[in-house]
Amino acid sequence: MRRLVTVTLTAALLLTPAAVAHADPAGTGWTLVFSDDFNASTVDTAKWNYRTDSKAYSTQRPENVSESGGALNIALKKETFGGKDYTGGGVVSKQALRYGYYETRAKLNDGAGWHSSFWIMSGDGSTTFPASQRTEIDAFEIDSITPNRIHHGVLTWKGSGVSAGKAYGTTYNSSTVDTRDWHTYGLDWSETSAKFYVDGVLAYTAPYLPSDWTHDYTNVWLTSIAYGSVPDATKLPATVQFDYVKYWQKDYYLDNDGPAAYGYSETGTWADSTLTGWTVASPTRYSACGGAGNTATWRPNLRAAGDYQVYYYKLAAANSDPSTRLDVTHGGTVSTTTVNGTAGASGWVSLGTYAFAAGTAGSVKLTSSGTGCARADAVKFVRV
């Protein structure tokens, strides 16, 4: 009996992550937007879908995912299911996110044959090749056969598993990190790069630009599957654990389409344009050419008060509006900038830096002058 009690206590201790400080994002202006500390007794299915695909050597099962001891636990098993001889699992966030700082703390398994990942890509967990996939960023990919070897990377997709051809990445052996112990992994995704952190230290930067490929909204994946080599059955069953996952935001991008169009509205006459916007394949709009008084408004929901530099994405063309009016409403005041859409190249134009309250009181309003075609794509509020 004494031996049985000792084994049970040891197993419980292994499932309980030691308390450490989070390697939160550097700098100021960040607001925590999405998080799960996995302190419940069951997975919060209001936040998460289960990964359920069959891939490589395993099928992923909801039954393999649980919460206990303050951690999300993914059971890795030798069992036949879905035409595979092994089962893994994982969760995928229902909320779609884009630029910001993502972080988790994880402890991976011992024994060859398992591929564990903390990554972001559009999807619901039923397949890793959804039609909606565009950007994939792997905050970490680690094969259990080499627990000191870590991969960070960016992949681009046309959807349904078709590569868009652009990729960045690095794989390295760490002399200080054994992924079978608890470590913190962070991803800072901005408009110009993806930065990867291990235990709060910058490990790699990918120069991923909007001109490289579509910067879309993505879901958070925490998963482990049998991949790369046949699993070592002598090490099974095993467990991969995640202590928490968090996402902070400080910049706000509003578009005229997709999830970022939540604060976009138009008055007057508008139509779809053939011009591409600020990121690859971003659709744009234009007002009736020669019509005055058509408006487009972007109204962000700022989660924190502060100073933000405001930008409008100008779409340069010979028939664009040479006198597009942009009104920024901030703190009950309106500041106006006139933008010549016929001059120079397409790109972000600063409308100034202003103090904004939290909420939806601030806005950018475009008004057509009546000459040429006023064009609407996106604005951004960058925390300073």
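Buried, on this tour, means under 20% relative accessible area. Keep that cut-off in mind as you click through this predicted model.

**Stop 1: colour by confidence**

Start with the whole chain, coloured by pLDDT. The mean is 94, and 94% of the residues reach 70 or more. Now select residues 1-15, where the pLDDT is below 50. Beyond near neighbours in sequence, this stretch has seven contacts in the model. Where pLDDT is low, the predicted coordinates should not be read in detail. So let us move on to other parts of the chain.

**Stop 2: Thr 104**

Select strand E8, residues 100-107, and find Thr 104 within it. Is Thr 104 buried or exposed? Its relative accessible area is 0%, which is under 20%, so Thr 104 counts as buried.

Show what surrounds Thr 104. Leaving aside neighbours within four places in sequence, its contacts include three phenylalanines, Phe 118, Phe 140 and Phe 242. His 183, Thr 184, Tyr 185, Leu 222, Tyr 244 and Val 245 are in contact with Thr 104 as well. Linger on Tyr 244: its backbone oxygen lies 2.5 Å from a polar atom of the Thr 104 side chain.

**Stop 3: strand E7 and its partners**

Next, select residues 84-93, which make up strand E7. How many of its 10 residues are buried? Eight are, so the strand is mostly covered.

Now bring in the strands that pair with E7, one at a time:

- Strand E2, residues 48-50, pairs with E7 in the antiparallel sense over three bridges. Look for Tyr 50, which stands opposite Val 91.
- Strand E4, residues 58-60, pairs with E7 in the parallel sense, again over three bridges. Here Gln 60 faces Gly 88 as its opposite residue in E7.
- Strand E6, residues 71-81, runs antiparallel to E7 and is joined to it by three bridges. Phe 81 has Lys 84 as its bridge partner.
- Strand E16, residues 219-226, pairs with E7 in the antiparallel sense over four bridges. Gly 90 of E7 is matched with Thr 223 in E16.

Before leaving, zoom in on the turn between E6 and E7. This hairpin has two residues between the strands, and Gly 82 takes a positive phi near 60° there.

**Stop 4: Val 65**

Select Val 65, in strand E5, which covers residues 65-68. With a relative accessible area of 8%, Val 65 is buried. Several of its contacts will be familiar from the last stop: Val 65 touches Tyr 50, Gly 90 and Val 91, among others. Not counting residues up to four places away in sequence, its contacts also include Val 43, Leu 72, Asn 73 and Gly 89.

For a look across the chain, add Pro 237 to your selection. Val 65 and Pro 237 are 172 residues apart in sequence, while their C-alpha atoms are 13 Å apart in space.

**Stop 5: the hairpin of E24 and E25**

Jump to residues 324-330 and 333-339, which are strands E24 and E25. They pair in the antiparallel sense over seven bridges. Along the pairing, Arg 325 stands opposite Thr 338. Two residues sit between the strands of this hairpin, where Gly 331 takes a positive phi near 55°.

**Stop 6: a three-stranded open sheet**

Now display E20, E21 and E28, which form an open sheet in that order with antiparallel pairing. Strands E20 (270-272) and E28 (375-376) stand at the edges; each has a single partner strand, so one side of each is left without a neighbour in the sheet. Strand E21, residues 285-287, is joined to E28 by two bridges. One opposite pair to pick out is Arg 285 and Ala 376.

**Stop 7: the disulfide**

Finish with Cys 289 and Cys 373, joined by a disulfide with an S to S distance of 1.5 Å. A disulfide is a covalent bond between the sulfur atoms of two cysteines. What does this one tie together? Cys 289 lies in the loop between E21 and strand E22 (292-298), and Cys 373 in the loop between strand E27 (363-369) and E28, so the pair links parts that are 84 residues apart in sequence.

Rotate to look along the S-S bond: the torsion is about 100°, so the disulfide is right-handed. Finally, switch on the surface. Cys 289 is partly exposed at 45% relative accessibility, whereas Cys 373 is buried at 3%.

Notes:
Residues are numbered from 1 along each chain as its sequence is written. This is a predicted model: local features need pLDDT of at least 70, side-chain atom pairs count only at pLDDT 80 or more; totals for chains, interfaces and linings use all residues. Side-chain values use heavy atoms; hydrogens and water are left out. Buried means under 20% relative accessible area, exposed over 50%, partly exposed in between (1.4 Å probe, protein chains only). Contact means heavy atoms within 4.5 Å. A polar contact is a pair of N or O atoms within 3.5 Å; within protein, one must be able to donate a hydrogen and the other to accept it, and residues adjacent in sequence count only if both atoms are side-chain atoms. Two strands pair if DSSP finds at least two bridges between them. A disulfide is a pair of cysteine sulfur atoms within 2.5 Å. pLDDT is the predictor's confidence in each residue, from 0 to 100.
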